[in-house]
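Open the model in your viewer and keep the selection panel at hand. The stops below go through two chain contacts and then a single residue.

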Amino acid sequence: MQTTVRSAPVSFAPPRPTSLVFGIGALAAVVATQVYAISRSPAEADMGHLQKIMYVHVPAAWMTFLAFFVVLVFSVKYMWKRDENDDLLAASAAEVGALFNGLTLMLGMLWGKPAWGVWWVWDARLTSTLVLFLIFVSYLALRAFVDDHQQRARWSAAVGAFGALNVPIVYLSVTWWRTLHQPPSSPSTLDPAYTLGLRINAVAFLLVMIYFVRKRYEIARLHRAVEHAAEAAAMGGR
Amino acid sequence: MAMRTHWRRVRAIARKDLTTELRAKSGFNSVVALGVTILVLLGLALGPDTAALRNAAVGAVWLATLFSGVLAFNRSFQVEVESGALEPLLLYPGPRWTILAGKLLGNLLFVSLMVAIVVAIGIVLFGVGIPAAWPSVLAVLALGVLGLVLLGTFYACMASRSRAREVLLPLLLFPMLVPVLVGATTASKALLGADLMHEAGAWIRLLIAYDLVFLIATFMAFEHVIEN
Amino acid sequence: MRRRQPRWEDGKHVIESNGTFITAAYAVTWVVILAYFTRLMIAGARARAEYKKRVGGEQR
């Protein structure tokens, strides 16, 4: 197996353990902000309390985009510095991003059924989010089907960067695809009565996402450290 | 003049790929046959109402192109993968981007020829009328094929060397091609109709932007993914 | 599909049935978050145990 000499030396010591207290705190923050937002926001004339789904749907969507951005940053950084840890971090962000992406889609459908009467419409935002999900999934599939670590890291970086690059283009094209024939039908989140509740829920989701990514990254680093030790032992205890 | 040597390399690689394909003529013929088969199946699945088929024509042609194109792209790297010829190719002195350019050229010719045949048969099978704006439709087709070949070649460089190339290439490629699919089909449909809202121009600009972005991105990232 | 300006009696029905979807939305959110959280806990414990066994020494 030909290894390229250009990689930066990898630190195989695992990172500091992710604080469980931080994780529990993040979950508690979500509870608190949800309770606040649900109790404070008034009912809408048409749709009753359906607006309240926005407090989970919109933050989930924002976290999806943030995850994509993290994947982009660390994919590019890997292509530049060849530090394998950057690849592991990008992959962790991709997994968590796929999670929030799936959640966004499910919540979108749960909002859509009472609002539009059907489980799915080829609405610009929902459709774009579905395409994004497929991009995440394809990234994770690539990693599953490539065994060599360096090759997997190099290829993931390219695929991750390209995928992230495509996100705005996908949104633009799908939006044009829809709106040239129909006005957008997504819920408005601009009413000031809802903004504060939305923002604090978003912050709580952000804390949860940070915890998830860091924990996932820690696990990836631990696995890699164990593998490296096994390889070193196999090569004669260096 | 370095540019001339580069261009010679590009042409050599393209010629090598195309000669391999032409000698085993079965390659091109079977890919085209598959494209036509998919068209027929789509006609059967979406028809027999002639109005429905005419509406579905553009989408059907593009789907047939995408599915058979995937085969073409994997094949373009198959020779190197199977015979281990990639390493020697990489050891030749000279910049690596010429390899990508050569592969792109070969795939572009291959896929363009295939698309021409699929479109011609699609026009007949789905009862499409040739519009006055047919040069614009041709431009949309060309831009779409360019985007398809750019990303198809680039992703095939990786997928063809992985464990599950048949499923991995479409899985990676198709979500990335959504802007091309959406743009090419919507613009074509508008042009086949009367394009009352003058959409086609906007879509053509989008396709040009997409092609430029990924032309630059693939050439920048190729060195990174071609290594063994 | 219900029209956007229902009579009050119709509206009440719409608003009440929306409650199911709202509950479902929050339930789904929590199931997903807690399930992944638990998965990370378990995977983390396993990974740490494996690390201690194979490599020895504590995490930094």
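Start with chains A and C: their contact takes 34 residues from chain A and 29 residues from chain C, where two residues are in contact if their C-beta atoms, placed from the backbone, lie within 7 Å. This is a predicted model, in which local features need pLDDT of at least 70 and side-chain atom pairs count only at pLDDT 80 or more, while totals for chains, interfaces and linings use all residues. Residues are numbered from 1 along each chain as its sequence is written, and chains are lettered from A and ligands numbered from 1 in the order in which they are written.

Next, select 84-116 and 192-234 of chain A. These are α3 and α6, and each supplies at least two residues of the side that touches chain C; helices are DSSP runs (H or I, at least four residues) numbered from the N terminus. α6(A) gives the most to this side, with 12 residues. Colour the side by class: 22 residues are nonpolar, five polar and seven charged. Here Ala, Val, Leu, Ile, Met, Phe, Trp, Tyr, Cys and Pro count as nonpolar, Asp, Glu, Lys and Arg as charged, and the others, Gly among them, as polar.

Now move to chains B and A, where the contact takes 26 residues from each chain. On chain B, select α7 (165-176), α8 (178-192) and α9 (199-226), each of which supplies at least two residues of the side that touches chain A. α9(B) gives the most, with nine residues. By class, this side of chain B has 18 nonpolar, five polar and three charged residues.

Last, pick Trp111(A), in helix α3 of chain A. Why does Trp111(A) count as buried? Because it has 25 C-beta neighbours inside 10 Å, and a residue is buried if 20 or more other C-beta atoms, placed from the backbone, lie within 10 Å of its own.

Definitions and conventions: A residue is buried if 20 or more other C-beta atoms lie within 10 Å of its own, exposed if 12 or fewer, and partly exposed in between; C-beta atoms are placed from the backbone.
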